[in-house]
Amino acid sequence: MKIILDAMGGDHAPEAPVLGAIDAAKAFGSQITLVGRGEAILDVMRKAGIDTLPEGMEIANAEDVVDMHDDPGSVIHKRKNSSMVIGLKMLADGQGDAFVSAGSTGALLTGATLIVKRVKGIRRAAMGPAFPNKAGGKTVICDCGANAECSPEFLLQFGLMGSLFAQKNLGVASPKVGLLNIGTEDSKGTALQKEAYAMLQKAHEQGILNFVGNVEARDVPLGAVDVVACDGFSGNVLLKSIEGTAMYMGSLMKHRIFKRNFFSKLGYLLCRKGVDEVMSLLDYRTIGGTQFLGIRKPVIKAHGASDALAFRNAVRQAEEAAKADFCAELEQALTKVKESDHD
């Protein structure tokens, strides 16, 4: 597997992506192509005391950089010599198996859609992060921000993509797919949710996916379902609410419980390892990034604030995504849905 990495994307570029990639190459034996300003990449290496790239790593020069303020729709034309655009073209041309970038989400999604292209039949690519749940597994939230306005067909496809991702990447045999709603009854929600519910239920009856009905936001982190199908606006609110609640509870434990007195501080020292392990479950640095589902080849969006550790794990995630490629199966599932529309 060869991973193409945007060395100029993110708040801490090029230091974080370069050092993270080198760490990944050493730890996992990853084959990596760093795309970016060659001199800047070499300068990072010199400052870190690194004379040569690890075996299997190389540099592809790209003098331009996509700015966070650039219009996503014009990036592939105005920034055609940027590290992001060149990296995506390399992926599309078969020079790599997956692409990683911490650059602009909008520009990356637009570039992936126009350069790498969507899987045949997919109307919109979506972001599908997998978050740990109380049941001990992970729940895929699809979409979590790429598509604020959606049609019922989009939600059906998000359910399909999330289900296949859970099967291939998370090892769930028959993922339970739920539709995010304000209640579990099939009569709940706006016209969007009601129509999407009917389409997901039909797909369930035809054995295309395992749809279990509506799911409320509070039940998502509890593991009620393996996949949540939702529009990007609602999914992003859900995702940020989970993250914020986790951060609040972590701060609450630290300041109101463990730092209360001498004995509570002693108790923290005894269980610190376990607390740190729990908090790391939601740490973006540990997770690595989020894959754009529905794109022909894996494109991973790393967090904009990613450090070297986050990039190292994003490379690992990209390799796993490339190995678990489900595009062919996704096309088959879409064909079944299309055929069912004519029944």
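**Exercise 1. Strand 4 and its partners**

Task: In this predicted model, find which residue of strand 4 is the bridge partner of Ile 3, and then establish how strand 4 pairs with strand 1 and with strand 12.

Solution. Step one: the bridge partner of Ile 3 in strand 4 is Ala 98. Step two: strand 1, residues 2-6, runs parallel to strand 4 and is joined to it by three bridges. Step three: strand 12, residues 299-302, also pairs with strand 4 in the parallel sense, over three bridges, and here Val 100 stands opposite Ile 300. Step four concerns the side chains. In a regular strand these alternate between the two faces of the sheet. Strand 4, residues 98-101, can be read in that light: Ala 98 and Val 100 point one way, Phe 99 and Ser 101 point the other way, and all of them are buried.

**Exercise 2. From Phe 99 into the nonpolar core**

Task: Determine which residues have the most contacts inside the largest nonpolar core, and which helix gives the most to this core.

Solution. Step one: the largest nonpolar core has 36 residues, and those with the most contacts inside it are Leu 88, Phe 99, Val 228 and Val 299. Step two: helix 3 (75-78), helix 4 (83-92), helix 5 (105-116) and helix 8 (232-258) each supply at least two residues of this core, while helix 5 gives the most, with six residues. Step three: once neighbours within four places in sequence are left aside, Leu 88 is in contact with Phe 99, Leu 108, Gly 111, Ala 112, Ile 115, Val 116 and Val 299. Step four: a second, separate core of 35 residues includes Cys 150, Leu 209, Phe 326 and Cys 327.

**Exercise 3. The packing of helix 4 on helix 5**

Task: Describe how helix 4 and helix 5 cross, and decide whether helix 4 is mostly covered or mostly uncovered.

Solution. Step one: two packed helices are described by the angle between their axes and the distance between the axes. For helix 4 and helix 5, the axes come within 9 Å and cross at roughly 35 degrees, and the crossing is right-handed. Step two: helix 4 makes the contact through Met 84, Val 85, Leu 88, Lys 89, Leu 91 and Ala 92, and helix 5 through Ala 107, Leu 108, Gly 111, Ala 112, Ile 115 and Val 116. Step three: sorted by class, this contact has 10 nonpolar, one polar and one charged residues. Step four: helix 4 is mostly covered, since seven of its 10 residues are buried, among them Ser 83, Gly 87 and Met 90. Just after helix 4, Gly 94 takes a positive phi of about 85 degrees.

**Exercise 4. The five-stranded sheet and Asn 181**

Task: Give the strand order of the open sheet, explain why one side of strand 6 and of strand 9 is left without a neighbour, and say whether Asn 181 is buried or exposed.

Solution. Step one: five strands form the sheet in the order 6-7-10-8-9, with mixed pairing. Step two: strand 6 (130-132) and strand 9 (210-215) stand at the edges with a single partner strand each, so one side of each has no neighbour in the sheet. The twist averages 30 degrees from one strand to the next. Step three: strand 8, residues 176-180, runs parallel to strand 9 and is joined to it by five bridges, with Lys 176 partnered by Asn 210. Step four: helix 7, residues 191-205, lies across strand 8 and strand 9, at about 155 degrees to strand 9. Step five: Asn 181 sits in the loop between strand 8 and helix 7. The relative accessible area of Asn 181 is 9%; the cut-off for burial is under 20%, so Asn 181 is buried. Beyond its neighbours within four places in sequence, the contacts of Asn 181 include Gln 193, Asn 214 and Val 215.

Definitions and conventions. Residues are numbered from 1 along each chain as its sequence is written. This is a predicted model: local features need pLDDT of at least 70, side-chain atom pairs count only at pLDDT 80 or more; totals for chains, interfaces and linings use all residues. Side-chain values use heavy atoms; hydrogens and water are left out. Two strands pair if DSSP finds at least two bridges between them. Helices (H or I, at least four residues) and strands (E, at least two) are DSSP runs, numbered from the N terminus. Axes are lines fitted to C-alpha atoms, for helices over the stretch in contact, and angles run from 0 to 180 degrees between N-to-C directions. Contact means heavy atoms within 4.5 Å. Buried means under 20% relative accessible area, exposed over 50%, partly exposed in between (1.4 Å probe, protein chains only). A nonpolar core is a set of buried Ala, Val, Leu, Ile, Met, Phe, Trp, Tyr and Cys residues joined through side-chain atoms within 4.5 Å. A crossing is left-handed if the near helix is turned anticlockwise from the far one by less than a right angle, and right-handed if clockwise. Ala, Val, Leu, Ile, Met, Phe, Trp, Tyr, Cys and Pro count as nonpolar, Asp, Glu, Lys and Arg as charged, and the others, Gly among them, as polar.
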